[in-house]
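User: Please take a close look at one part of this model, namely any enclosed cavities and the residues that line them. Please then continue from there to strand pairing and salt bridges.

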Amino acid sequence: MAEQSGAMGGAGGAAKSMDDIMSLCKRRGFIYQASEIYGGINGFWDYGPLGTLLKKNLRDAWWQDVIMTGCRGRKGPGGQAVRVLPLDTCIIQNPKVWEASGHVGGFNDPMVDCRACKSRFRADHLMVLHMRPASVGKDLYFSGMGTLEDVRAHNAKKLKNLGEEHESFEEYTKINEATRALVPCPDCGKVGELTAPRQFNLMFSTTIGALGDPEKDKAYLRPETAQGIFINFKNVVDTVRVKLPFGIGGSGKSFRNEITPRNFTFRSREFEQMEMEFFCHP
């Protein structure tokens, strides 16, 4: 901590960059880039000795406070004690589960690619700044991810002598096709190389069986743990004979095929969830 606080103090108390935080976590044995010796893989992280212990402590504290003692002393209708029950469900379920939940048809994000540099962006996070400075006398377009301040910072050199005024600032998804042809790529800066937005399903797909057919035997890695709880509701009621209201909780790995994983572990493709669903009468 002395190393971290000293560096932050030297920067005038400003927040350290994400790269500095990632470096610190690696040096201290908390988190490593997955497959790092082979170049890594974006959106996946391995937890080191201290990181593994930290995860276990957090999971154990959650399990004790939410599952084991979360409703201790609470009384439901008729004076019955309110319970929270544990459950451990599979990462891969029948694909019909995800069709029924709406994940197959609606668990999507809009995606846009750059034909020139092959970069990929979340279309609803890609922002376009439109200006018509009097000193230039023509329309200018700038792009970037995030807020207006983020886009201005990303294009600081190009905007240096253009002032602070702007004509419009909106999502890439909300501008027309003709305007998209004038927008530069945030990474390489080439104009007219960004594709139209298209939907991208966030679930990882796999096949089941030794000779799995890509379509007939298609399955998915779960994007959340909740569906495993919902589909086992009747099993829990029938076997444990619990009455409403009650909760069911569990923890485990989930997977989301993020378009642009970023911000360290905040946008990961493989992550662990701790989740509790509470059931009560309408």
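Analyst: A cavity here is a set of grid points where a 1.4 Å probe fits but cannot get out, and a lining residue has an atom within 4 Å of such a point. The model is predicted, and it holds 2 cavities of 30 Å³ or more.

The second largest cavity encloses about 30 Å³. Its lining consists of Gly76, Pro77, Gln80, Ala81, Val82, Lys243, Leu244 and Pro245. By character, these residues comprise 5 nonpolar, 2 polar and 1 charged.

The largest cavity encloses about 60 Å³. Leu87, Asp88, Thr89, Arg222, Thr225, Ile229, Gly249, Gly250 and Ser251 line the largest cavity. Strand 12 (residues 246–255) contributes the most to this lining, with 3 residues. The lining of the largest cavity divides into 2 nonpolar, 5 polar and 2 charged residues.

Turning to strand pairing, strand 4 (residues 108–113) has 5 of its 6 residues buried, so the strand is largely enclosed by the rest of the structure. Strand 4 pairs with strand 9 (residues 198–201) in the antiparallel sense over 4 bridges, and with strand 5 (residues 120–122), also antiparallel, through 3 bridges. Methionine 111 takes part in both pairings: arginine 198 stands opposite methionine 111 in strand 9, while arginine 122 is the bridge partner of methionine 111 in strand 5. Strands 4 and 5 form a hairpin with 6 residues between them, and lysine 118 in the turn has a positive phi of about 70°.

The hairpin also carries a side-chain contact. Arginine 122 and aspartate 109 form a salt bridge at 3.1 Å, N to O. Because arginine 122 lies in strand 5 and aspartate 109 in strand 4, the pair ties together parts that are 13 residues apart in sequence. Both partners are buried, arginine 122 at 7% relative accessibility and aspartate 109 at 11%.

In total, the model contains 12 salt bridges. Another joins glutamate 272 to arginine 59, with the closest N and O atoms 3.0 Å apart. This pair links distant parts of the chain, glutamate 272 in strand 13 (residues 270–279) and arginine 59 in helix 3, 213 residues apart. Glutamate 272 is partly exposed at 31% relative accessibility, as is arginine 59 at 25%.

Helix 3 (residues 49–68) also holds lysine 56 and aspartate 60, which are separated by about one helical turn because they are 4 residues apart. Lysine 56 and aspartate 60 form a salt bridge, their closest N and O atoms being 2.6 Å apart. Lysine 56 is partly exposed, with a relative accessible area of 42%, and aspartate 60 is partly exposed at 34%.

Conventions. Residues are numbered from 1 along each chain as its sequence is written. This is a predicted model: local features need pLDDT of at least 70, side-chain atom pairs count only at pLDDT 80 or more; totals for chains, interfaces and linings use all residues. Side-chain values use heavy atoms; hydrogens and water are left out. Buried means under 20% relative accessible area, exposed over 50%, partly exposed in between (1.4 Å probe, protein chains only). Helices (H or I, at least four residues) and strands (E, at least two) are DSSP runs, numbered from the N terminus. Two strands pair if DSSP finds at least two bridges between them. On a 1 Å grid over the protein atoms alone, a cavity is a set of points where a 1.4 Å probe fits but cannot get out, and a pocket is an open set with protein on both sides within 12 Å along at least five of seven lines; lining residues have an atom within 4 Å of a point. Grid points are joined across faces, edges and corners, and a volume is the space filled by probe spheres set on the points. Ala, Val, Leu, Ile, Met, Phe, Trp, Tyr, Cys and Pro count as nonpolar, Asp, Glu, Lys and Arg as charged, and the others, Gly among them, as polar. A salt bridge is a side-chain nitrogen of Lys or Arg within 4 Å of a carboxyl oxygen of Asp or Glu.
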